Amino acid sequence: MKNLEDALKLSPSRVEAYEQCPRLYWYRYEPDSPKVTRPPSAALSFGNSLHAAMRSLYQQGGPAHVPSAHLPAMLAAVWRSEGYARPEEEQAAKRRAVAALVNYRERNRSYPTRSLYVESFLEAALDDVPFLVRPDRVDTLSPGLLAVEYKTGRNAKLGIHQMAIAYLVLWKLLRRPSDRPIRFLLVHLDSGQEQEQELAEEKAFEQLAVYSALRRRILQREFLAAPSAGACAFCEAGRVCVYSFKPLSRED
Ligand code: SF4
């Protein structure tokens, strides 16, 4: 039991999965569940490819140091082809991704890069709850920190757990005094829109009780299904899960 307890580090995706449906958490993370995988999709491949290209961009010094002409090759080196129905669809997606990278570089090339972390796994424990988080980027500001997340979906936004867990881990690792705030920036790579989001320090710390309780439930193996039309429709376990939500037909 002790080993299991030590091993369980809460990440934003684990918390979101458990809140969506504890049974989904079981399918996704517990070793005694049947393995289910999400079928490949063009949207997933597109998002993963752009994320990987942004990681390369910042590992090579950031927009001020990488010429636009290098971006197509940078993208090609990390491109994921799974899930595209036709070659023309994939080519169009590649052009869209190159345009997104070029536009991003244009908007940011005059800012010096002050990245502290680029897709690093960060771990810390608060109130005996171990956390693991991997922000896309963490930049230093004067004063404070900016945690940056990239998204490609149209209605993407930062969830409370993504912000609160990153906040708590950064606070612990870097011993932030409260006059040096941690802010969040959501970058929609496709549209070029950027959205700054705030999370008050008290709010992040209030979440600790939620995480502690949720972790206890996972360790006690509470994985009761919570089917709903919204959760089951997009669940990767939908094809094998006997609890999957089925709308009543007229015959029922
Ligand atoms: S199909 Fe529905 S009930 Fe089953 S694990 Fe997924 S979300 Fe939960």
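**Arg221 and Asp32**

Begin by selecting Arg221 and Asp32 in this predicted model: their side chains form a salt bridge, with a nitrogen-to-oxygen distance of 2.6 Å. The two partners stand 189 residues apart in the chain, so this contact joins distant parts of it, by the definition of the elements used here. Arg221 belongs to the loop between helix 8 (201–219) and helix 9 (229–233), and Asp32 to the loop between helix 3 (22–29) and helix 4 (42–59). Colour both by accessibility next. Arg221 is partly exposed, at a relative accessible area of 39%, and Asp32 is likewise partly exposed, at 46%.

**Glu236, Arg38 and Arg28**

Move to Glu236 and Arg38, which form a salt bridge whose closest N and O atoms are 3.1 Å apart. This pair also links distant parts of the chain, with the two positions 198 residues apart. Glu236 lies in the segment after helix 9, whereas Arg38 is in the loop between helix 3 and helix 4. Which of the two burial classes applies to Glu236, buried or exposed? Glu236 counts as buried, with 11% relative accessibility. Arg38, by contrast, is partly exposed at 44%. Add Arg28 to the selection: Arg28, Arg38 and Glu236 are linked in a network of salt bridges.

**Arg55 and Glu119**

Select Arg55 in helix 4 and Glu119 in the loop between strand 1 (115–118) and strand 2 (122–126). A salt bridge joins their side chains, at 2.8 Å from N to O. The two residues are 64 residues apart and link distant parts of the chain. Here the arginine is partly exposed, Arg55 having a relative accessible area of 27%, while Glu119 is buried at 11%. Side chains of opposite charge can pair when their charged atoms come close. In the whole model, the count of salt bridges comes to 16.

**The largest nonpolar core**

Hide the charged pairs and display Leu10, Phe131, Leu170, Phe184, Tyr211 and Ile218. These are the residues with the most contacts inside the largest nonpolar core, which has 43 residues. The elements that each supply at least two residues of this core are helix 2 (12–20), helix 3, strand 2, strand 3 (129–133), strand 5 (145–151), helix 7 (160–174), strand 6 (182–188) and helix 8. Helix 7 gives the most, with eight residues. In soluble globular proteins, nonpolar side chains tend to be buried together.

Centre the view on Phe184. Leaving aside residues up to four places away in sequence, Phe184 touches Leu146, Ala147, Leu158, Met163, Ala166, Tyr167, Gln195, Glu196, Gln197 and Leu199. Apart from the largest core lies another core, of 26 residues; Met54, Leu57, Ala100 and Leu185 are among them.

**Helix 2**

Select helix 2 and pick out its buried residues: Pro12, Val15, Ala17 and Tyr18. Against which elements do the buried residues of helix 2 pack? They pack against helix 3, strand 3, helix 7 and helix 8.

**The ligand**

Turn to the ligand, which sits in the largest cavity. Display the residues around the ligand: Cys21, Arg23, Leu24, Tyr27, Pro227, Ala231, Cys232, Cys235, Gly238, Cys241, Tyr243 and Ser244. Helix 3 and helix 9 are the elements that give two or more residues to this shell. The largest share, three residues, comes from helix 3.

**Asp127 and Asp128**

Go next to the loop between strand 2 and strand 3, where Asp127 is found. Asp127 is not a glycine, yet its phi is positive, at about 50°. Asp128, in the loop between strand 2 and strand 3, also has a positive phi, of about 65°, although it is not a glycine. Where do these residues stand in accessibility? Asp127 is exposed, with a relative accessible area of 61%, and Asp128 is exposed at 71%.

**Thr152**

Finish at Thr152, in the loop between strand 5 and helix 7. Thr152 has 18% relative accessibility; the cut-off for buried is under 20%, and therefore Thr152 counts as buried. Show its neighbours to see what surrounds this position. Not counting residues up to four places away in sequence, Thr152 touches Phe46, Gly47, Leu50, Leu189 and Asp190.

Key: Residues are numbered from 1 along each chain as its sequence is written. This is a predicted model: local features need pLDDT of at least 70, side-chain atom pairs count only at pLDDT 80 or more; totals for chains, interfaces and linings use all residues. Side-chain values use heavy atoms; hydrogens and water are left out. A salt bridge is a side-chain nitrogen of Lys or Arg within 4 Å of a carboxyl oxygen of Asp or Glu. Helices (H or I, at least four residues) and strands (E, at least two) are DSSP runs, numbered from the N terminus. Buried means under 20% relative accessible area, exposed over 50%, partly exposed in between (1.4 Å probe, protein chains only). A nonpolar core is a set of buried Ala, Val, Leu, Ile, Met, Phe, Trp, Tyr and Cys residues joined through side-chain atoms within 4.5 Å. Contact means heavy atoms within 4.5 Å. A residue is near a molecule or strand if one of its heavy atoms lies within 4 Å of it. On a 1 Å grid over the protein atoms alone, a cavity is a set of points where a 1.4 Å probe fits but cannot get out, and a pocket is an open set with protein on both sides within 12 Å along at least five of seven lines; lining residues have an atom within 4 Å of a point. A molecule sits in a cavity or pocket if more than half of its atoms lie within 2 Å of its grid points.
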